[in-house]
Amino acid sequence: MTVVESGSSKRVTGTRMLRREDPALLTGEAKFIDDIVQTDALYMVLLRSPMAHARIISVDSSAAKRMPGVVAVFSGSDLRGEWLAPMPCAWPVTVDMKNPPHYPVAADVVNYVGDAVAVVLASDKIAAVDALAAIDVNYEPLPVVSNLEDALADKNLVHPALGTNTSYVWNLEPDKAKVDSAFASAEHVVRSRFVQQRLIPSAMETRGVLAVPHPYGGEYTLFSSTQIPHILKTMLSLTVGISEAKLRVIAPSVGGGFGSKLNVYSEEVLALTLARKLHKPIRWTEERSENSLATIHGRGQIQDVELAADADGKIMAVRVNLVADMGGYLQLLTPGVPLLGGFLYHGLYDVPAYSFTCTGVFTNKTPTDAYRGAGRPEATFAIERSMDALAKRVGVDPAEIRRRNFIAPEKFPYSSAPGLVFDSGNYLPNLEMALEKIGYKEIRAEQERRRAEGSRKHLGVGLSCYVEMCGLAPSKVLGSLSYSAGGWESATVRILPTCKVQVVTGTSPHGQGHETSWSMIVADRLGINTADIEVLHSDTAIAPYGLDTYGSRSLAVGGSAVYLATEKVLEKAKLIAAHALEVSPEDLDYQDGEFKVKGSAGKSYALSSAALEAFTAHDLPEGVEPNLEATVTWDPPNFTFPFGTHIAVVEVDEETGQTDLLRYLSIDDVGNQINPMIVDGQIEGGIAQGVAQALFEEAVYDESCNLLDSTFIEYLMPSAAEFPSFELGNTVTPSPTNPLGVKGVGEAGCIASPPAVINAVVDALAEFGIEHIDMPASPEKVWSAIELARLSGTRVD
């Protein structure tokens, strides 16, 4: 379906254009949530539970209410009846899924450390914070559920009324007999258990909200540092009970999201509810330490993975059993996140039989939800670690085991065993390019030399070949998975009378560079300068229809909508030009802002003339309405499937357990690239986050479910100093699913990098007989594994 046309003799797409958004961001001119001036706003702060599971016996706020500057204090009991419905969960993955009611402020029981128990409103933030200390809450401690094994056993219950900690069990097993037969006849069976540790998303800007009631008409404007202004508007209307027609949601400049702002949070519901209740603007800004408790966490899984293979290592079946940590409640997408990877535990390998089961369980921890990659990093880690284990079992190099199992290019479009149709792919050239560029043979030779010399600094090289599904669509498929929203996206392109262009998009960027990329798409098709194009977004009054930005969907879905709207408005301009030139529209070519009659050197009509004529409407063709504007809502026929090969080279010091990342190379295939500079930036950021999971980051809880690393003193977020310069390259396999031939890129680096790094660490430790290191591979873990290998005599000399 790739039909990209250009109306410009000098293409803009495919060039490394600087982002137009950056000057305002770099000079402090961009307005984030805290930059919005609202002089009469009340400051909202929340008292959060220090206990992971407890019954609220009483809340005494009398002293707090008397403090200077305090306007109001509310407990959960005080606010009963203020909302139409509990906090929304938009993905009921099974008909019998258990979803206990969750309200913005707990009234009876708290279920994780950080659960809100009271809210203070004051004339300034300092007064509000001071008042928190004066609120006296009496708790009755309840037994906690601190890990997934205990959650499955139901020894203690997070929500006793449910009778179980299990929220749901979701199965995907198209042919059980085929899977069982494959394992029964397999020459090799590889069984592995992997742990996906919890991660704290840690966006540069914490969350914030400002709810402003208007004096007349019952209207409200809500500013939020969100990824999803359109979805938030609908969900707030349903939860709070304010007419959607009376509610405007604006996402100002947003300092990163990574999925953590793809949610409807208690503070947004509270701010809007209290603005209605008190007829005053309400604002709240999250503290950094608060962010680690009150914003969702990512990952949190135990993965049991089995591969069945023949004597040559050709995979016959994959069987996966997943236990996923929901946390204390279900947030917007919590139950569905593990299932986004449920179709991809076979990776980019030709696997005829497949079984996947996910059990979602409650624990007394911060709720989990989407974090960059959302299910796909977990799936890729499991299959890529298992592929290395299979290579060892068969006795071949990790690269060779992958070659033997890739889906052949002639099989595309490929119908996978789990039920997806991979639209395109050509995996082997991508792998071979990566191996050549990294100098794979030379690294292996250096590794052998070090081992022969008895070096205490061990070299390791790790591969990760990945495929992901992104561009979440089509809507019918999402509906079949019980997802509450669709997968379409909307765009409007209007050419103003002076031939300047406005693009209105339903996507909501927060660092992805949509203003730049969308202007490049339109500039190419219209043959005009990108400076003449304005891109409007993230305001539901300006862009009333949209499904926002997440899941690497924006370009494949939103960008395609922009392209198709541009085509539509250009067709209308062609009708006006043909009428003026007294020719048929089919007789016209278009390039560089002019319609020209085919075969005639002199007859032409400028786009600017068509724009002015459409505005004056003095001599329009019969049936053509005034103004040049077109809207397209694009619902793609399929997902897109980017892929690639990442290679990590590490050095492990056996005396300290320290792992140093020496080199990191990625060869990614994201289809056609609109702006390679933006592509590189997205890949590099994703790699950094994935390497952070592999080596540094983990949300650590004690047995009482207290978070032990809630600040950056304890939570190891790496800086640029911990990374080498990443080496990037690409192959191009256009997607036939959309008119631009593009795929997603925002999550690719985060998906591929964790297994590449851990495979490299395990490879470095192979002579010790070490077969796995759990993430993060900290110096302590690595050193302990080496010492255990020495004591047990498993070192291979």
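Asp589 stands opposite Lys596 in strand E23. This pair offers an entry point to one sheet of the structure, which is a predicted model.

Strand E23 comprises residues 594-597 and pairs with E22 in the antiparallel sense, over four bridges. The sheet to which both belong is open and has three strands in the order E22-E23-E24, with antiparallel pairing. Strands E22 (588-591) and E24 (604-606) stand at the edges; each has a single partner strand, so one side of each is left without a neighbour in the sheet. From one strand to the next, the twist averages 25°.

Two helices lie across this sheet. Helix H16 lies across E22, E23 and E24, and helix H17 likewise lies across E22, E23 and E24. Their residue ranges and angles are set out below.

| Helix | Residues | Strand used for the angle | Approximate angle |
|---|---|---|---|
| H16 | residues 554-581 | E23 | about 50° |
| H17 | residues 607-616 | E24 | about 60° |

A further element for consideration is helix H10, residues 376-394. At 1.5 Å a residue, the 19 residues of H10 should span 27 Å, where the expected span is 1.5 Å times one less than the number of residues. The end C-alpha atoms of H10 are 27 Å apart, which agrees with that expectation. Helix H10 is mostly covered, since 16 of its 19 residues are buried, a term that denotes under 20% relative accessible area. Just after H10, Gly395 takes a positive phi of about 90°.

Terms used:
Residues are numbered from 1 along each chain as its sequence is written. This is a predicted model: local features need pLDDT of at least 70, side-chain atom pairs count only at pLDDT 80 or more; totals for chains, interfaces and linings use all residues. Side-chain values use heavy atoms; hydrogens and water are left out. Two strands pair if DSSP finds at least two bridges between them. Axes are lines fitted to C-alpha atoms, for helices over the stretch in contact, and angles run from 0 to 180 degrees between N-to-C directions. Contact means heavy atoms within 4.5 Å. Buried means under 20% relative accessible area, exposed over 50%, partly exposed in between (1.4 Å probe, protein chains only).
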